[in-house]
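Dear colleague,

I am handing over the structure below, followed by some notes on what was found in it. Please read them with the coordinates open beside you.

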Amino acid sequence: MRFNEKELISLSRQPSERAAELGMRGPKKGDVVKRRLVKLVVNFLFYFRTDEEEPQGALLLEQCRVEREDSLAFSITFLDEAERKYLFECDSQEQCQEWIDSIIKASYEFMRKNLIFYRTEIHRLTGKDPLEQYGIEDETRFQVTSGLQLMPKDI
Amino acid sequence: MKITGKILTHFQSCSSPVDKEGYLYKKGERNTSYQKRWFMLKANLLFYKDRPNHRDLLGVIVLEGCSVQLCESEEQFAFSLVWSGEPGLRTYKLAAEDQPSQESWIRALLSANHGYLATLVMDLEKQYKEAMKAFPGDPSQQSTLAGPNTERPTQSLIWLNSGTAALSQYLGPSVGAGHNFSTNEMLQVPPISSKPTNKRSPKLWPKRNANVVPINVPSPPQGEWSVTGSGPKVEFSELHEDFGKEVKELIADWLRRGQKDVIQEEDLIDFG
């Protein structure tokens, strides 16, 4: 599948929400923990071999599960498959928690769900749909779906 | 750079809604003819394949850091996605089937970026808190929707607070008819900003406010969201109004130009 690689690499050079050197272990059997510069930019997690300009890889932070693994580590799992579970080791418990929260916050899906929550609540409290003033109330991506349950760990 | 196709494919086909889809013509890189493709916009990603019923995705375009522009083209209803932050970045040339489709796609692509949604959510969060203050209700009246913080109530709205939506932070790709208008120009109104704003070189990237509030701290009192000196607040309403106006004016102007067949230098947006 083609993608705009150069432009994505350029994105990896932009100011990030959070960046740090962490221990990182890939999803495949036999993968070991390696030090990587991990950088969160919008809903992408880039990882660089230390001192390399171009990222080694990029992870799209959508439809994934972020979990605390132990006091210093967290993991990101894609497609609910163990073979797609990335592990990250931090230097402190606080750092670990901060990364988890930042990654969850960064997800487009998470933002969209929050938007729908606020929209519904504002409408309930004030009787007005806050999106109407912007003329975007009919956009598909902002529609309220019934039975919306947001599990903080699942993005 | 490695990117897992399966993860992207899964995201495209999973149950969350496609924000917009339809046929567009895409100019090839080597083969310079326009090819008809089925496009699907989801979040800040624009996927494309041959036909809607075909399973395999041909490609994806990550919509961060680009501007949306009307462009000169032998094709009607053409527009382009332009990356220009550094040398060597490309431009995708696309064309819609008719004018309404062109306008609709331009609008959608302009607001697909992460920063737009982040700013909108921050705006609604503010309105929500104001509404909660104005209408303190019986907590049991709370909506049956699970809020964003089912498991960590004390952290409630702090998660979404990453500082003020400063002028330089909001980044929407701009629409220009041959000109690259930066939304910074559009928002350059308040003189309070200590930050110099680039006039013509569009700041394509949002300056992320790294001032993420620590999770275990009680939320600051109303209205005291920390400012890290990155510029004056932007009201999403202003942003949005300007957007809508800009798109309409550009398209109207483009149509006029097409009829007159004369290129005129003019300011499309009057900032007063």
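Please keep in mind that this is a predicted model.

To begin with a pair of residues, F46(A) has A58(A), in β5(A), as its bridge partner. The strands concerned, β4 (residues 44–49) and β5 (residues 57–60) of chain A, run antiparallel to one another and are joined over 4 bridges. Against the sheet packs helix α1 (residues 5–13) of chain B, which touches β5 and β7 (73–78) of chain A as well as β1 of chain B, and whose direction makes about 20° with that of β5(A).

The sheet as a whole is open and has 8 strands with mixed pairing, in the order β6(A)-β7(A)-β8(A)-β2(A)-β3(A)-β4(A)-β5(A)-β1(B). At its edges stand β6 (64–68) of chain A and β1 (2–3) of chain B, and because each has a single partner strand, one side of each is left without a neighbour in the sheet.

A residue that may interest you is K39(A), which is located in strand β3 (residues 34–41) of chain A. Which side chain of opposite charge is nearest to K39(A)? It is that of E86(B), 9.8 Å away, and K39(A), although buried, has no salt bridge. Its side chain does have backbone oxygens within reach: a polar atom of the K39(A) side chain lies 2.8 Å from the backbone oxygen of S12(A), and the side chain of K39(A) also reaches the backbone oxygen of Q14(A) at 3.2 Å. Leaving aside residues up to four places away in sequence, K39(A) touches several others, among them R13(A), R18(A), F46(A), F48(A) and W99(A).

With best regards

Conventions. Residues numbered from 1 in each chain as written. Chains lettered and ligands numbered in written order. Predicted model: local features only at pLDDT ≥ 70, side-chain atom pairs only at ≥ 80, totals over all residues. Heavy atoms only, no water. Pairing = 2+ DSSP bridges. Helix = DSSP H or I, 4+ residues; strand = E, 2+ residues; numbered from the N terminus. Contact = heavy atoms within 4.5 Å. Axes fitted to C-alpha atoms, helices over the stretch in contact; angles between N-to-C directions. Buried < 20%, exposed > 50% of the residue type's maximum accessible area, 1.4 Å probe, protein only. Lys, Arg positive; Asp, Glu negative; His and termini not counted. Salt bridge = Lys/Arg side-chain N within 4 Å of Asp/Glu carboxyl O. Polar contact = N/O pair within 3.5 Å; in protein donor to acceptor, adjacent residues only side chain to side chain.
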